[in-house]
Amino acid sequence: MQVRNDWSREEIQALYNQPFMDLVFQAQQVHRQYFDANTIQVSTLLSIKTGKCPEDCKYCSQSAHYDSKLEAEKRIAVDKVISEAKEALASGSSRFCMGAAWRNPHERDMPYVLEMVREVKALGLETCMTLGMLNESQASRLKDAGLDYYNHNLDTSREYYSNIISTRTFDDRLNTLDFVRKAGMKVCSGGIVGLGENESDRIGLLHELATLAIHPESVPINMLVPIEGTPLADVEKLDVTDWIRTIAVARIIMPKSYIRLSAGRESLTDSDQALAFMAGANSLFSGEKLLTTPNAGEGKDRQLFSKLGLKAEKAKPTVAELTVDAMAS
Ligand code: SAM
Ligand code: DTB
Ligand code: SF4
């Protein structure tokens with residue numbers, strides 16, 4: 001499978017609607033063209049500022065528009081972030097992703113986030129942040145500080161988007177992705193399934209992602225974690241096979257990207273997850289918690305990896321470590 005950016009919606013729909021076995025088989029074949037099928041990239045997430053977000057994303061526990069009973073927290077200290085990052089490294093994560101419940105970072109927040117990026121990067125971890133919308137100058141300062149990835153999801157199709165968020169537009173999101181790309185960072189962008197969207201919205205989301213000029217290097221496919229108090233608390237649960245289909249199609253149309261099994265793993269069995277890996281997912285979040293909701297803990301994941309013979313991708317060595325190795329050999 002060649003990397004293509006000219007997928008039509010009809011082609012994507014045809015892939016999505018194949019018999020399930022054919023789809024998963026094709027996805028696994030494409031997966032093996034570019035990746036080791038038994039290696040999974042593991043990231044750890046940390047919320048650096050929780051709750052009271054001015055945006056109105058209907059799925060989110062952190063929006064100030066809904067009463068989700070979440071306890072808001074102020075920015076956490078950089079020292080605390082560094083000690084969490086050290087733990088993540090020790091437990092086998094290769095990437096540390098820091099998230100804040102902001103519409104966008106204010107200028108007063110920039111020294112705080114830049115210092116954090118420098119220090120996490122110096123530990124030898126890949127760095128990722130998700131802070132809401134960025135302007136061009138913020139994107140380039142984050143890149144200069146050593147930020148490897150920026151996460152900003154399209155979330156759903158352009159058509160369904162306004163049913164989910166009204167406080168910023170689909171094009172605002174694309175603009176931020178553009179600034180991230182131009183600054184030279186890697187893009188992490190995907191979406192959520194199970195928002196009450198229909199199949200054509202899942203296809204629309206995949207189409208938007210796969211027709212970006214450069215595919216996102218990382219594509220999180222979240223399954224809605226229903227949050228009491230939010231407008232989507234009682235939405236009907238999406239069948240797991242639709243999540244797997246979304247993952248498999250993402251794998252086929254963005255063959256070199258990491259496809260991440262993101263929020264929602266708590267509601268999956270081990271065999272569902274094995275099927276998702278078979279369909280080409282090769283990245284996940286480890287740890288007891290995502291940003292505000294529970295996640296499969298490290299112990300459970302260790303068992304799952306051992307059962308399936310999977311290994312975690314190693315953190316890339318820092319320049320300093322490479323120099324020491326070169327001197328020693
Ligand atoms: N505030 C930033 C933003 O929205 O860009 C960063 C954090 S936000 C929590 C990151 C992503 O998490 C969202 O775009 C959404 O895709 C996902 N997410 C948030 N709440 C979720 C939920 N309840 N279930 C599944 N995914 C969720
Ligand atoms: C992404 O796509 N999923 C992660 C990460 N990017 C930041 C967040 C999932 C959040 C799930 C709900 C919560 O824990 O609040
Ligand atoms: Fe705020 Fe992000 Fe939650 Fe939307 S998803 S309400 S922007 S924290």
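**Exercise 1. The surroundings of ligand 2**

Which of the 13 residues around ligand 2 come nearest? Characterise the contacts and the setting of ligand 2 in this predicted model.

*Solution.*

Step 1. Identify the neighbours. N153, N222, L291, T292 and T293 come nearest to ligand 2, out of 13 residues around it.

Step 2. Examine the polar contacts, for which a pair of N or O atoms must lie within 3.5 Å. A polar side-chain atom of N222 is 2.8 Å from an oxygen atom of ligand 2. The side chain of T293 likewise supplies an N or O atom 2.8 Å from an oxygen atom of ligand 2. At L291 the partner is a polar backbone atom, 3.0 Å from an oxygen atom of the ligand.

Step 3. Assess the cover. On its own, ligand 2 has 400 Å² of accessible area, and the protein covers 87% of this.

Step 4. Classify the shell. Around ligand 2 there are six nonpolar and seven polar residues, with no charged residues.

Step 5. Locate the ligand. The space that ligand 2 takes is the largest cavity.

**Exercise 2. The surroundings of ligand 1**

Determine which residues come nearest to ligand 1, and describe its polar contacts and its cover.

*Solution.*

Step 1. Ligand 1 has 17 residues around it, and Y59, T130, N153, D155 and V225 come nearest. N153 is also listed among the nearest residues of ligand 2.

Step 2. Consider the nitrogen atoms of the ligand. A nitrogen atom of ligand 1 lies 2.9 Å from a backbone N or O atom of V225. A polar backbone atom of A100 is 3.3 Å from a nitrogen atom of ligand 1.

Step 3. Consider an oxygen atom. The side chain of D155 places an N or O atom 2.8 Å from an oxygen atom of ligand 1.

Step 4. Taken alone, ligand 1 exposes 560 Å², of which the protein buries 90%.

Step 5. The shell of ligand 1 comprises ten nonpolar, five polar and two charged residues. The space of ligand 1 is the largest cavity.

**Exercise 3. Ligand 3 and an annotated cysteine set**

Relate the residues around ligand 3 to the UniProt annotation that covers C53, C57 and C60.

*Solution.*

Step 1. The residues around ligand 3 are C53, E55, C57, Y59, C60, S63, A101 and R168. By class, five are nonpolar, one is polar and two are charged.

Step 2. An unreviewed UniProt entry annotates C53, C57 and C60 as "binding site". The lining of the largest cavity takes in C53, C57 and C60.

Step 3. C53 is placed in the loop between β1 (39-49) and α3 (78-90).

Step 4. Ligand 3 takes space that is the largest cavity.

**Exercise 4. Annotated positions spread along the chain**

Why can C97, C128, C188 and R260 be said to gather at one spot? Place the annotated domain as well.

*Solution.*

Step 1. The unreviewed UniProt entry gives "binding site" at C97, C128, C188 and R260.

Step 2. These residues gather at one spot because no two of their C-alpha atoms are more than 13.9 Å apart, although they span 164 residues in sequence.

Step 3. The lining of the largest cavity includes C97, C188 and R260 from this set. C128 lies in strand β3, residues 126-130.

Step 4. The UniProt record, again an unreviewed entry, places "domain: Radical SAM core" at residues 38-256. Over residues 38-256 the chain is 36% helix and 17% strand, with the end C-alpha atoms 16 Å apart.

Key:
Residues numbered from 1 in each chain as written. Chains lettered and ligands numbered in written order. Predicted model: local features only at pLDDT ≥ 70, side-chain atom pairs only at ≥ 80, totals over all residues. Heavy atoms only, no water. Near = heavy atom within 4 Å. 1 Å grid on protein atoms, 1.4 Å probe; cavity = no way out; pocket = protein on both sides within 12 Å on 5 of 7 lines; lining within 4 Å. Sits in = over half its atoms within 2 Å of the grid points. Nonpolar A, V, L, I, M, F, W, Y, C, P; charged D, E, K, R; others polar. Polar contact = N/O pair within 3.5 Å; in protein donor to acceptor, adjacent residues only side chain to side chain. Areas by Shrake-Rupley, 256 points an atom, 1.4 Å probe, with all protein chains shown as cover. UniProt positions renumbered as here; feature names shortened; annotations may be inferred. Helix = DSSP H or I, 4+ residues; strand = E, 2+ residues; numbered from the N terminus.
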